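Visitor: I am new to this structure. Please show it to me, and let me ask how each label is earned.

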Amino acid sequence: METGQFPIDDLPGGLDLYRTLESGQTYLWHRDDGEMYSGTPSPESWYATVVDGDVIRVRTRNGILEWESTTDADPIVRRLVRLEDDLEAIVAAAPDDPLVADAYDAHRGMRLVEDPPFGCLISFICSAQMRVSRIQSMVSALAREYGDEIAFEGRTYHAFPTPAQLASATEAELRELGLGYRAPYVVRTAELVADGGAHPAEARDLEYEAAREYLTQFVGVGDKVADCVLLFSLGFDEAVPLDTWIKSAIEEYYPDCDRGSYAETSRAIRDRLGGEYAGYAQTYVFHHLRTGD
DNA sequence: GACCAGGTAGCAA
DNA sequence: TTGCTACATGGT
């Protein structure tokens, strides 16, 4: 086992793992001590994920971010929870807006995540018309049924399935796991990636709106899911997914940003939320409104 | 038993 | 292009 740590005090803006990993941005982590999204974790509890076959566990205790892994996870942890982000500067540069300010104040230390592209893509295909706790259980089921098992420190972890592993699933099997009408979307998208027809990571090299358009070629991916993948996996911090919560926020707080179409409303709200880091503001507002605190 | 959840595909006009 | 509507499922 390899281990390491980061002093959180050295991170501008800090780090709140609970808010970062249980705010509905990522479904590729789980808490070792029980179910996600059901009560707050104890300070002792670990969050675990599998990246490229390596188990990575993290927790924060006494002002220290600790990790344990099957490999040298230092650079991986930095990337997954975006430790390099100057969160303090991002908050300081946020638009002068009461809702955004309240959201940032209420959830100090929440960072964006950077999920692996394929897992992120499938997660958000599953997310359509679903509550976050159920998305988590659907993604966990996919890992349990189709992903590699990896033993680490007396526990068994499940990697998110590769495109080929997921493409081997049938629609009927995935319906059995409770994916409902998303089942064929997941299978067809996995097949497309497994066959080499396209890969979500290829969107990284494109300009923002072209990248969003690129991602919609995957089955089950519309503008909103595409924005989630751009924001939570591909480094497009300006992406603002227009989900039900943000739409109601637009209706209540930014009615002039409602331009009818997704593309035009997206431009208006991105501009309103500060442009470059609009997605950061969106993630805080989403979490703030959804949790009510 | 409605109503809702980080929406999208398919089709008509 | 834009505007419907069907689509699964579990929790409140």
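Guide: Start with one term: buried means under 20% relative accessible area, exposed means over 50%, and partly exposed is in between (1.4 Å probe, protein chains only). This is a predicted model, in which local features need pLDDT of at least 70, side-chain atom pairs count only at pLDDT 80 or more, and totals for chains, interfaces and linings use all residues. Residues are numbered from 1 along each chain as its sequence is written, chains are lettered from A and ligands numbered from 1 in the order in which they are written, and side-chain values use heavy atoms, with hydrogens and water left out.

Visitor: Why is Cys126 called buried?

Guide: Its relative accessible area is 0%. The limit is under 20%, so Cys126 counts as buried. Cys120 is also at 0% and counts as buried.

Visitor: How do you know that Cys120 has no bond to Cys228?

Guide: A disulfide is a pair of cysteine sulfur atoms within 2.5 Å. The sulfur of Cys228 is the closest cysteine sulfur to that of Cys120, yet it lies 7.5 Å away, so it is too far for a bond. For Cys126, the closest cysteine sulfur is in Cys120, at 11 Å, again too far. The structure holds zero disulfides.

Visitor: What makes helix H11 mostly covered?

Guide: Helices are DSSP runs (H or I, at least four residues), numbered from the N terminus, while strands (E) need at least two. H11 spans residues 223-232, and eight of its ten residues are buried. Among them are Asp227, Cys228 and Phe232. The buried residues pack against helices H5 (117-126), H10 (208-215), H13 (262-272) and H14 (278-291).

Visitor: Which residues touch the most other members of the largest nonpolar core?

Guide: Val77 and Leu215, in a core of 93 residues. A nonpolar core is a set of buried Ala, Val, Leu, Ile, Met, Phe, Trp, Tyr and Cys residues joined through side-chain atoms within 4.5 Å. A second, separate core has seven residues, including Val55 and Ile150.

Visitor: What makes a residue count as near DNA strand C?

Guide: One of its heavy atoms must lie within 4 Å of the strand. Arg131, Arg134 and Tyr181 are among the residues around DNA strand C. Sugar and phosphate make up 59% of the strand's atoms that come within 4 Å of the protein.

Visitor: How do you know that Arg131 makes a polar contact with DNA strand C?

Guide: A polar contact is a pair of N or O atoms within 3.5 Å; within protein, one must be able to donate a hydrogen and the other to accept it, and residues adjacent in sequence count only if both atoms are side-chain atoms. A polar side-chain atom of Arg131 lies 2.7 Å from a base nitrogen of the strand, so the pair qualifies.

Key. Contact means heavy atoms within 4.5 Å.
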